[in-house]
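Student: I should be grateful for a close look at one helix of this protein and at the strands that surround it. Please give the cut-offs behind each term.

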Amino acid sequence: MNAMSTCAWNPAQLLPWWAELRIDVQLPPWSVESDLRRLQQRMQRPGDALGQLAAIELPVPGFAFRHRQADGEHYVYVEDLACGRLAGYTVFNRLVELSRRADPHLRSPHSRYGHDYQRRGLASAVYRWALQRGMCLITGRRQSRAAHALWTSLSRQHELGYVLLEAKRLRWLGHRVDPDLLGAFHTRMVLLGEGWSCGHFCEATGADRAALAQHVGESG
């Protein structure tokens with residue numbers, strides 16, 4: 001089996017391989033809405049850290065996007081201006097599974113948007129903002145179906161690859177992988193931010209691009 005690919009990237013080759021990814025359960029709507037109400041109360045509370053956040057300009061009319069950075073993690077809150085309502089938010093988390101070398105370059109995004117604000121391009125706009133800033137994104141252990149579809153869409157404009165993340169080591173697998181490997185617990189997807197190439201990514205993060213024969217032997 002040859003799970004590696006060259007750095008030549010053809011996004012059309014990625015699409016047939018998405019069907020085998022691990023899909024997480026969908027959060028119940030009441031849980032998301034409760035979380036958003038709690039955050040909105042904090043944003044309206046005098047003296048709270050969420051009360052005065054820097055605005056970022058994104059091309060989505062009718063919504064305000066507010067950014068906060070804390071301990072290397074990025075939070076983007078989206079407000080419906082007409083309703084004065086928190087529509088949702090995206091967090092770009094650090095991963096404890098990453099090595100110190102890889103940590104500065106990779107963030108794992110997680111989003112929560114109210115039912116009325118889903119499929120309106122809000123999370124997509126926030127992800128593109130991060131990628132255009134040069135942030136590289138990595139999936140968590142599982143994805144919701146909405147996140148799964150979003151990554152598929154983003155792969156048309158931003159280079160997507162697969163990595164193994166195990167024992168704080170990254171191994172670059174290429175742009176397509178065998179379906180069995182795709183479903184493995186330690187396999188993650190990576191979207192490369194603006195200005196990155198797979199070669200640059202591997203050099204910066206210390207990702208190993210060696211053949212996977214050794215890993216397959218260990219797993220068997």
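Tutor: The following account begins with the whole chain and then turns to helix α5 and its neighbouring strands.

This is a predicted model, in which local features need pLDDT of at least 70 and side-chain atom pairs count only at pLDDT 80 or more, while totals for chains, interfaces and linings use all residues. Residues are numbered from 1 along each chain as its sequence is written, and side-chain values use heavy atoms, with hydrogens and water left out.

The protein comprises 6 helices and 9 strands; helices (H or I, at least four residues) and strands (E, at least two) are DSSP runs, numbered from the N terminus. Of its 220 residues, 49% are buried, where buried means under 20% relative accessible area with a 1.4 Å probe and protein chains only. The exposed surface comes to about 11400 Å², with 50% supplied by carbon and sulfur atoms; these areas come from the Shrake-Rupley method with a 1.4 Å probe. Among contacts (heavy atoms within 4.5 Å) between residues at least 6 apart in sequence, 64% join residues at least 24 apart.

Helix α5 spans residues 198-205, and its buried residues are Cys-198, Phe-201, Cys-202, Ala-204 and Thr-205. An α-helix has 3.6 residues a turn, so residues three or four places apart point the same way. The buried residues of α5 pack against five strands: β5 (106-113), β6 (136-138), β7 (160-166), β8 (169-174) and β9 (187-191). After the helix comes Gly-206, with a positive phi near 80°.

Among these strands, β9 is mostly covered, with 5 of its 5 residues buried. In a regular strand the side chains alternate between the two faces of the sheet. In β9 both faces are covered: Thr-187, Met-189 and Leu-191 are buried on one side, and Arg-188 and Val-190 on the other.

Strand β9 also has pairing partners, two strands being paired if DSSP finds at least two bridges between them. It runs antiparallel to β7, to which 5 bridges join it, and Tyr-162 has Met-189 in β9 as its bridge partner. With β6, the antiparallel pairing of β9 extends over 2 bridges, and Leu-137 lies opposite Leu-191.

Strand β7 pairs with β8 as well, in the antiparallel sense over 5 bridges, with Leu-164 opposite Arg-171 in β8. The hairpin of β7 and β8 has 2 residues between the strands, and within this hairpin Ala-167 adopts a positive phi near 55°. Strand β8 is itself mostly covered, with 5 of its 6 residues buried.

Notes:
Buried means under 20% relative accessible area, exposed over 50%, partly exposed in between (1.4 Å probe, protein chains only).
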